[in-house]
Structure formats: C-alpha cells, structure tokens
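Please look through the structure below with the sequence beside it, and then follow the explanation one element at a time.

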Amino acid sequence: MAATALGDLHRRASRETIPGWRIATFHAIDTTVDGDINGIYNMRIATFAAQVAAIARLSLAHSNLNVVPLRLNRGSGVTITFDDGYATTLTLAAPRLLQHGLPFHVYVSPALVESGDSRYLTRSQLLELSRIPGVTIGAHGYRHVPLSTIPESSRVQELTDARKWLEDTIQLPISTMSYPFGDTPVGIDRALEAAGYSSGACSIWGFNSEATNPLMLQRIDLWEGDSARTAGTKLLGHWNWIWSRSLT
Ligand SMILES: [Zn+2]
C-alpha cells in the first residue's frame, strides 16, 4: 500500500464517531403531504440536494458512515430510505442521489400507487425506479393505514398483500417493510415475519447495532427545516441524547 493511501486510511479510522447503523428517512420532495401540519415532510428540492451533499461528504470523511444498501443487520454505515412512494422520489430525488453514487431504498404502499393520485408513483414509474442500479424497494403496508387500526387477525393478510402486490409488479422479491405512521402495535414484528418479511423499520429515533431486532429497526428522520449541517449532526448522533431525554 502506498504511503498516501496508508495516511488516508489512518485519517479516516482516527475520526471516531458514535457507533451504529443509521437509517435516514425522507418522505416527499416538492409534493404536498397529507397531515403534514408542521411542513417537515415535504422537502424542497434545494433542501434535499444540500442534505444529500452533506451525507455524501460524511460518507467520504468517516469510514463508518459510508452510505450502504439496506441489508440485515449492519453495525455501521448510513442507509437512505424514503417512505410512501412519491413520484418525485423517481423524478427529483433519484437523479441527485445517483449523481453522488448513493444507493437508496423506497418503501411503497400499493394502495397509494393504485389511487391514481398524481403525487404518487404510477406502476410504470415504480417499475422504472426498481430497475435503477442501487435502488431497492420495500413495502409500507398495503393500504397506508396505521396497523393498530386493522384487526389483529387481519394484519398478516394486509402485510402479505403488500408483499405479493409489489413482487407481482416489479418481479423482484420483497422482504423489507416500514410501518405506516410508525405505528407498531404489540406483536407486529411477529406478524411481519409471518407475512414473509425479514426486515421492518419503525419511526423510533436512534441508531441500530447488529443486536437490534431486524423487524424493529430505528431510524433518523430528516426534515425540511434541517440545514445540511443539521442533517449531518443528526447522522453523527448529536441529536440522540436530546431525543432520549425528551422521551423520559
Ligand atoms: Zn407513510
């Protein structure tokens, strides 16, 4: 190994950060989000582009903050995810991420695709998105309703329907899901497993380790109001203690 490469390796390794696998959550880009009373889930493209650039810089600067695909179960790295399946995930977000060579994962609710609402991906857009190298697709419930509002006896069916619809549509296996509205009634991880999934993401703030239940992965929410610097500090872990204190 050349001396410069060794020096670079040393610099990267010496910049210690809080350990853990970060899963960043985005929602919509330049699209109205139902129920978004604080305006945090509809991100302007300029905000998104700045946050993506910050994530790319972190990925280069810290060896344990490399942007990585969603796979079971990581102890480090940053994974970029989107909830819901907005059309602009394909038209606006994908080009920015691909420009930086960053992989990402999109959790899609079939009912939103079938709704005909132009805010969401169409079937053909979903197929196009799923064929982009570095892009992977997961489910987000079938109907995009809080799972606690579905009778317990019907939850496995709801989750199975979502998986099968997506598999039929994109002709690829689906094994991941994020819980709509972060609603995780007791026993939902077992229902998810029974419906054929091996990975579930909730909306609880935090990083994951190899010991985290893969059906209850924690995430880091990124918002319209976050500057590039704030997005970076969230992923570095500087917000984790604030969040854990606010919950106590
Ligand atoms: Zn959602």
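Thr25 stands opposite Asp221 in strand S9, and this pair belongs to a parallel pairing in which S1 and S9 are joined over two bridges. The model in which we read these pairings is a predicted one, and every position described here should be understood in that light. On S1 there is a second partner to consider, since five bridges join S1 to S4, and these two strands also run parallel. Within that pairing, the bridge partner of Phe26 is Phe82 in S4.

Are the two faces of S1 covered or open? In a regular strand the side chains alternate between the two faces of the sheet. On one side of S1 lie Arg22, Ala24 and Phe26, on the other lie Ile23 and Thr25, and all of these are buried, so that both faces are covered. Because five of the five residues of S1 are buried, the strand is largely enclosed by the rest of the structure.

A similar reading applies to strand S6, residues 135-139, where four of the five residues are buried, so this strand too is largely enclosed by the rest of the structure. Strand S5, residues 104-108, runs parallel to S6 and is joined to it by five bridges, with Val106 standing opposite Ile137.

Let us turn to the helices, beginning with H8, which covers residues 228-236 and in which Ala231, Lys234 and Leu235 are buried. These three residues lie on the same side of H8 because they cover an arc of only 95° around the axis. What does this buried side pack against? The buried residues of H8 pack against strand S1, helix H2 (45-61), strand S4 (78-82) and strand S9 (217-221). Just after H8 comes Gly237, which takes a positive phi of about 110°.

Helix H2 contains Val52, a residue that counts as buried because it has 24 C-beta neighbours inside 10 Å, where 20 or more are needed. Leaving aside residues up to four places away in sequence, Val52 touches Arg96, Leu97 and His100. Although Val52 and Arg96 are 44 residues apart along the chain, their C-alpha atoms are separated by 7.5 Å.

In soluble globular proteins, nonpolar side chains tend to be buried together. Here the largest nonpolar core has 59 residues, of which Ala24, Ile55, Ile80, Val108, Leu121 and Leu235 touch the most other members, and H2 gives the most to this core, with six residues. The contacts of Leu121, again without residues up to four places away in sequence, are Gly85, Ala87, Thr89, Leu90, Val108, Val113, Leu126 and Leu129.

Stepping back to the whole protein chain, we find nine helices and nine strands, and buried residues make up 38% of the 248 residues. Among contacts between residues at least 6 apart in sequence, 67% join residues at least 24 apart. A compact globule with 248 residues would have a radius of gyration near 18 Å, and the protein chain has 18 Å, which agrees. Along its principal axes, the C-alpha trace spans about 60 × 40 × 35 Å.

Finally, we should ask how confident the prediction is. The protein chain averages a pLDDT of 91, and 90% of the residues score at least 70. Over residues 9-14, however, pLDDT stays under 50, and the model has three contacts beyond four places in sequence for them. Where pLDDT is low, the predicted coordinates should not be read in detail.

Methods:
Residues numbered from 1 in each chain as written. Predicted model: local features only at pLDDT ≥ 70, side-chain atom pairs only at ≥ 80, totals over all residues. Buried ≥ 20, exposed ≤ 12 C-beta atoms within 10 Å, placed from the backbone. Arc of directions from axis to C-beta. Contact = placed C-beta atoms within 7 Å. Pairing = 2+ DSSP bridges. pLDDT = per-residue confidence, 0-100. Rg over C-alpha atoms; globule rule 2.2 N^0.38 Å. Core = buried A, V, L, I, M, F, W, Y, C linked by C-beta atoms within 7 Å.
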